[in-house]
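Could you walk me through this structure in my viewer, one selection at a time? I would like to know what to click on next and what I will find there.

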Amino acid sequence: MNAPANDTMVMHAIGVIHSDHRLPEETPIQPEFAHGCHGRVEVYPAYAEGLKDIETFTHLILLYAFHAAGEPQLIVRPFLDDTPRGVFATRHPRRPNRIGLSVVRLVRRVGAVLYIEDVDILDSTPLIDIKPYVPRFDAPQSAGDGWIGTVDPKQARKRG
C-alpha cells in the first residue's frame, strides 16, 4: 500500500488527548457507546490561542491519530458486524492514514485544557485538529446509515 512519493503529507500534533481508556480492546468504539466517559484535551502552548471562543460550543469534533492501530487493511471486519467490509465504509482504525474522528461533549475549558465527555479515544492519543460541531452543518437530515442501519441496536450496544 505504498503511495506515490508526491502524495506525501506532513502533519504535526497540536496536543494530546487523555482518557481512562488504556487498552484498545477495552475502548468504546464510538462516542454513542462512551456516555459518561471523561477525558481531557491538552492543547500545546503554540496552539492555545486558537481555542478562543471554543467554549461557546457544546460539542467538538476531534481529529486524531490512531497511534496504536495495527497495519492498514483495506478489508476489515467492523466492530458492529462480522461481514468483511471496505475500510472506507467503516470507522475501523486500521486505515491507510490512521485518522480518527470523534464528536465529544465539551464540559469546560481551563486555559489550554478542554474537559470532555463521551470519550471513545485511547489515552495519550495525538490530537491533529479540533473543529466545532455545528448541527446545522454536521447532521444533514437526509443522511442515511448505510449498512450500519441493518445492525441490531442491542447487538451494537453489546459490541460497542
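Begin by selecting Asp129, which is partly exposed, with a relative accessible area of 27%. Keep in mind as you look around that this is a predicted model. Now add Lys131 to the selection: its side chain meets that of Asp129 in a salt bridge, at 3.4 Å from N to O. Lys131 counts as partly exposed too, because its relative accessibility is 39%.

**Zoom out for the whole fold**

Switch to a cartoon view and colour by secondary structure. You should find two helices and eight strands. Following the chain along the sequence gives the pattern β-β-β-β-β-β-β-β-α-α. Of the 160 residues in the protein, 37% are buried.

**Strand 7 and its two neighbours**

Next, select residues 113–117, which make up strand 7. How many of the five residues in strand 7 are buried? Four are, so the strand is mostly covered, given that buried means under 20% relative accessible area.

Now show strand 2, residues 38–43. Strand 2 and strand 7 run antiparallel and are joined by five bridges. To see one facing pair, pick His38, which stands opposite Glu117 of strand 7.

Bring in strand 6, residues 99–110, as well. Strand 6 is also antiparallel to strand 7, with five bridges between them. Here the pair to pick is Leu106 and Ile116, the latter in strand 7, which stand opposite each other. Follow the backbone from strand 6 into strand 7 and you trace a hairpin with two residues between the strands. Click on Gly111 in that turn, where phi is positive, at about 60 degrees.

While these strands are on screen, it helps to recall a rule of thumb: in a regular strand, side chains alternate between the two faces of the sheet.

**Charged side chains around the strands**

A search of the whole structure finds five salt bridges, and you have already visited the one between Lys131 and Asp129. For another, show the side chains of Arg105 and Glu117, whose closest N and O atoms are 2.4 Å apart. Arg105 belongs to strand 6 and Glu117 to strand 7, so this salt bridge ties together parts that are twelve residues apart in sequence. Is each partner buried or partly exposed? Arg105 counts as partly exposed at 31% relative accessibility, whereas Glu117 is buried, with a relative accessible area of 15%.

Then select Arg40 and Glu42, which form a salt bridge with 3.1 Å between the closest N and O atoms. Arg40 is partly exposed at 32% relative accessibility, and Glu42 is partly exposed with a relative accessible area of 28%.

One further charged side chain deserves a stop. Show Arg108 together with Tyr115: the charged end of Arg108 sits over the ring of Tyr115, 4.1 Å from the ring centre.

**Aromatic rings**

A search of the whole structure finds one aromatic pair. Select Tyr64 and Phe66 to see it: the ring centres are 5.6 Å apart and the planes are at 85 degrees, so the pair is edge-to-face. Tyr64 counts as buried at 4% relative accessibility, and Phe66 counts as buried at 19%.

**A nonpolar patch outside**

Turn on the surface and select Leu74, Ile75 and Phe88. Together these residues form a nonpolar surface patch with about 350 Å² of accessible area. Ile75 lies in strand 4, residues 75–76, and is exposed, with a relative accessible area of 56%.

**Last stops: loops and a strand end**

Go back to the cartoon and pick Asp53, in the loop between strand 2 and strand 3. Its phi is near 75 degrees, a positive value in a residue other than glycine. Asp53 counts as partly exposed, at 39% relative accessibility.

Now compare Asp118, in the loop between strand 7 and strand 8. Asp118 is not a glycine either, yet has a positive phi of about 65 degrees. At 14% relative accessibility, Asp118 counts as buried.

Finish at Val110, in strand 6, which is partly exposed at 46% relative accessibility. Draw a distance from its C-alpha atom to that of Glu55: the separation is 9.7 Å, for residues 55 apart along the chain.

How values were computed: Residues numbered from 1 in each chain as written. Predicted model: local features only at pLDDT ≥ 70, side-chain atom pairs only at ≥ 80, totals over all residues. Heavy atoms only, no water. Patch = residues over 30% accessible without salt bridge, like charges linked within 9 Å, V, L, I, M, F, W, Y side chains within 5 Å. Areas by Shrake-Rupley, 256 points an atom, 1.4 Å probe, with all protein chains shown as cover. Salt bridge = Lys/Arg side-chain N within 4 Å of Asp/Glu carboxyl O. Buried < 20%, exposed > 50% of the residue type's maximum accessible area, 1.4 Å probe, protein only. Pairing = 2+ DSSP bridges. Phe/Tyr/Trp six-rings, centres within 6.5 Å; stacked < 30°, edge-to-face > 60°. Lys NZ or Arg CZ within 6 Å of the ring centre and 35° of its normal.
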